Structure formats: C-alpha cells, structure tokens
Amino acid sequence: MARLLLTPILLAFTLAAASLVSNAGVAEAVAWPWHSHWHGWRGWRSRQGCVSSIISKDEYASLFLHKDDAACPAHGFYNYSSFVSAAESFPKFGNAGNDDTRRREVAAFLAQISHETTGGWATAPDGPYAWGLCFKEELTPPSNYCDATNTEWKCVSGKSYHGRGPMQLSWNYNYGPAGKALGFDGLGNPEIVASNAVVAFKAALWFWMTPQAPKPSCHDVMVGQYEPTEADKAANRTAGFGLTTNIINGGLECSRPGNTQEADRVGYYKRYGDILGVRDLGPNLDCASQQPYS
C-alpha cells in the first residue's frame with residue numbers, strides 16, 4: 001500500500017476453493033554490448049524514449065495473465081494503453097541509464113504494483129506471480145484513512161482515502177499532493193483513482209517518481225541516483241529493489257527476515273525481470289537487514 005504510514009490490508013475472495021489475497025501495506029550510463037540478435041533488437045527498441053519500447057502490449061499481457069479474469073474485481077480496468085499514456089507524463093520513468101537499467105526499473109515498478117494489487121495464492125493457476133493488477137481498490141477498509149492532524153491536506157467530509165489504484169494510494173496526505181501534481185482533486189474526488197485507469201497509473205507513477213523526505217524516490221533508487229544519508233547508512237538502507245519495498249511499506253515488511261509479503265514482491269520482480277530480459281536484477285532484493293524509515 002503506497003502510503004507514508006502504512007497499515008496492512010487483506011483483500012480476499014474465493015475462487016475455485018482458493019483464497020485470493022491482496023496484501024497492502026523505487027544510473028548506469030554506458031550501454032551494454034549486444035550478445036545476441038534478440039538482445040540487440042530489444043536494445044535498439046528500448047532506446048526509442050518511450051516505455052512501450054521497454055514493454056510491448058504482448059509482453060504486458062504475459063505479465064498479467066489473469067488481471068482480466070471475471071474473478072478479479074479490476075477486470076478490464078488496467079489496460080496497456082492507459083499504462084503507456086500515464087507513463088508519458090513521466091519522461092524519466094524507464095528512460096534513465098543503459099538498456100538494462102531501464103528494463104530493471106520498469107520490472108521493479110510493475111512488480112511492486114503487482115504485489116499491491118495481487119490476487120494470487122501459493123497454488124494459483126500459472127503460479128502466484130501471474131495475478132497482479134487484480135484489484136483496483138481496497139475492499140474492506142478499516143477506516144477512511146483521514147489524518148485529521150494534517151492541516152495542509154485537510155480531509156473532505158464524507159470522503160475516504162483508502163487504498164486505490166495500482167499502488168493503492170492511501171491517506172489524505174498522499175491524495176492531496178498527488179492530485180495537485182497531476183491535475184485532479186485528490187481530496188474532493190479521490191474516487192477517480194479507481195475509476196479512471198490513466199489517472200490510476202499516473203498516481204502510482206507519481207508515488208514512484210517523487211521523493212518524500214526522508215525517503216528518496218523509488219526511481220532514484222532503481223536507476224543509481226540514490227545518495228544515502230548518514231542515517232540511511234546507519235540503518236543499512238542500501239540501494240536495490242529491497243529499498244523500494246522499504247519506501248513503500250518498510251514499517252511492516254523490513255527488518256523482518258522471512259516476511260511473506262516482502263518475498264511476494266521479490267517473486268514478482270524475478271518473474272518480470274526474466275520476461276523483460278533484465279540481465280542483472282541488481283543487489284539487495286530484500287530489505288530484511290534494513291531498518292524501516294518509521
């Protein structure tokens with residue numbers, strides 16, 4: 001769940017006697033040599049300056065095999081064209097560093113949003129990591145996620161700021177600035193994050209690309225632009241996919257060896273990295289040895 005202070009959410013429904021659960025609760029400069037015609041084609045394609053050069057429509061479908069199943073509440077919502085359209089508003093996304101760096105960032109982002117919206121379980125058809133983007137909002141929120149002490153982003157009466165969209169954006173202090181940055185009324189119309197697919201992806205990408213002190217942006221972490229502070233060094237917050245998990249939901253998942261939610265994120269990342277042709281997933285895939293930010 002993409003919020004600065006996170007609480008876990010379990011979204012479950014029954015499908016073929018199994019429980020589908022959504023757990024709630026990221027630069028290299030030298031181009032790598034082409035070692036095969038296949039990698040050469042992908043390398044040429046990915047330098048065209050658009051996320052569609054990193055992931056095609058068919059590849060997108062192969063990542064999210066079950067997102068449009070009738071059993072998934074978000075079926076028909078998270079289409080490829082909406083993702084590509086949203087990414088155009090963030091030209092640095094998937095466009096920093098060499099080919100492998102670019103693929104690595106896209107794989108990492110899609111892995112994190114897949115965990116946030118997962119409908120998978122251990123024995124799910126095609127495996128637990130083929131069920132990303134199954135949910136578009138929290139089904140049974142325990143509260144309206146209004147931090148009444150936040151006077152900058154005041155809650156609107158009757159509105160709920162529960163998890164919505166691919167990153168499950170939550171809390172008024174995230175909806176407010178996301179809306180301001182993206183041109184929608186985040187406090188007065190938070191529902192749009194679950195009703196407009198382009199806005200939903202934009203909100204997720206806004207969270208990914210935007211540093212929120214003391215946290216860096218997930219983007220900077222994945223493209224090699226993260227510069228740890230002394231506090232980061234003391235907390236062992238080292239660069240890698242694991243640090244993006246710390247940014248998103250570290251309070252519930254980091255410094256906890258064997259955490260199943262964190263392992264789910266890594267599982268998605270490994271699968272997506274393989275499909276997208278990432279040669280090196282990078283170091284520090286988990287955050288078991290990192291201290292959370294809060």
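Trainee: Where is L133 found?
Mentor: Keep in mind that what you have here is a predicted model. To place L133, look past helix 4 and before helix 5. What joins those two helices is a loop, and L133 is found in the loop between helix 4 and helix 5.

Trainee: Is L133 buried or exposed?
Mentor: Buried means under 20% relative accessible area. L133 comes out at 0%, so it counts as buried.

Trainee: What is the phi of L133 near?
Mentor: L133 isn't a glycine, yet its phi is positive. The value of phi for L133 is near 60°.

Trainee: What about Y145, which has a positive phi of about how many degrees?
Mentor: Y145 also sits in the loop between helix 4 and helix 5. With a relative accessible area of 1%, Y145 is under the 20% cut-off, so it is buried. It's not a glycine either, and its positive phi is about 50°.

Trainee: Which side chain has a polar contact with the side chain of T118?
Mentor: T118 belongs to the loop between helix 4 (99–116) and helix 5 (172–182). It is buried, with a relative accessible area of 2%. At 2.7 Å, its side chain makes a polar contact with the side chain of Y268.

Trainee: Which way does helix 4 cross helix 6, left-handed or right-handed?
Mentor: Start with the packing: helix 6 covers residues 197–209, and its axis lies 12 Å from that of helix 4. The angle between the two is about 115°. As for the hand, the crossing is right-handed.

Trainee: How many nonpolar residues are in the contact of helix 4 with helix 6?
Mentor: Helix 4 brings E105, A108, F109, Q112 and I113, while helix 6 brings F201, A204, L205, W208 and M209. Sort them by class and you get one charged residue, one polar residue, and the nonpolar ones, which number eight.

Trainee: Which peptide bond is cis, with omega near 5°?
Mentor: Head for the loop between helix 6 and helix 7 (218–222), where you'll find P214. The bond leading into P214 is the cis one, and it runs from A213 to P214.

Trainee: Over which residues does pLDDT stay under 50?
Mentor: Overall, the protein averages a pLDDT of 87, and 83% of the residues score at least 70. One stretch stays under 50, although the model has 157 contacts beyond four places in sequence for it. That stretch is residues 2–48.

Trainee: How many helices are there in the protein?
Mentor: Walk along from the N terminus and you meet β-β, then a run of α elements. Those two strands are joined in the count by helices, and the number of helices is ten.

Definitions and conventions:
Residues are numbered from 1 along each chain as its sequence is written. This is a predicted model: local features need pLDDT of at least 70, side-chain atom pairs count only at pLDDT 80 or more; totals for chains, interfaces and linings use all residues. Side-chain values use heavy atoms; hydrogens and water are left out. Helices (H or I, at least four residues) and strands (E, at least two) are DSSP runs, numbered from the N terminus. Buried means under 20% relative accessible area, exposed over 50%, partly exposed in between (1.4 Å probe, protein chains only). A polar contact is a pair of N or O atoms within 3.5 Å; within protein, one must be able to donate a hydrogen and the other to accept it, and residues adjacent in sequence count only if both atoms are side-chain atoms. Axes are lines fitted to C-alpha atoms, for helices over the stretch in contact, and angles run from 0 to 180 degrees between N-to-C directions. A crossing is left-handed if the near helix is turned anticlockwise from the far one by less than a right angle, and right-handed if clockwise. Contact means heavy atoms within 4.5 Å. Ala, Val, Leu, Ile, Met, Phe, Trp, Tyr, Cys and Pro count as nonpolar, Asp, Glu, Lys and Arg as charged, and the others, Gly among them, as polar. pLDDT is the predictor's confidence in each residue, from 0 to 100.
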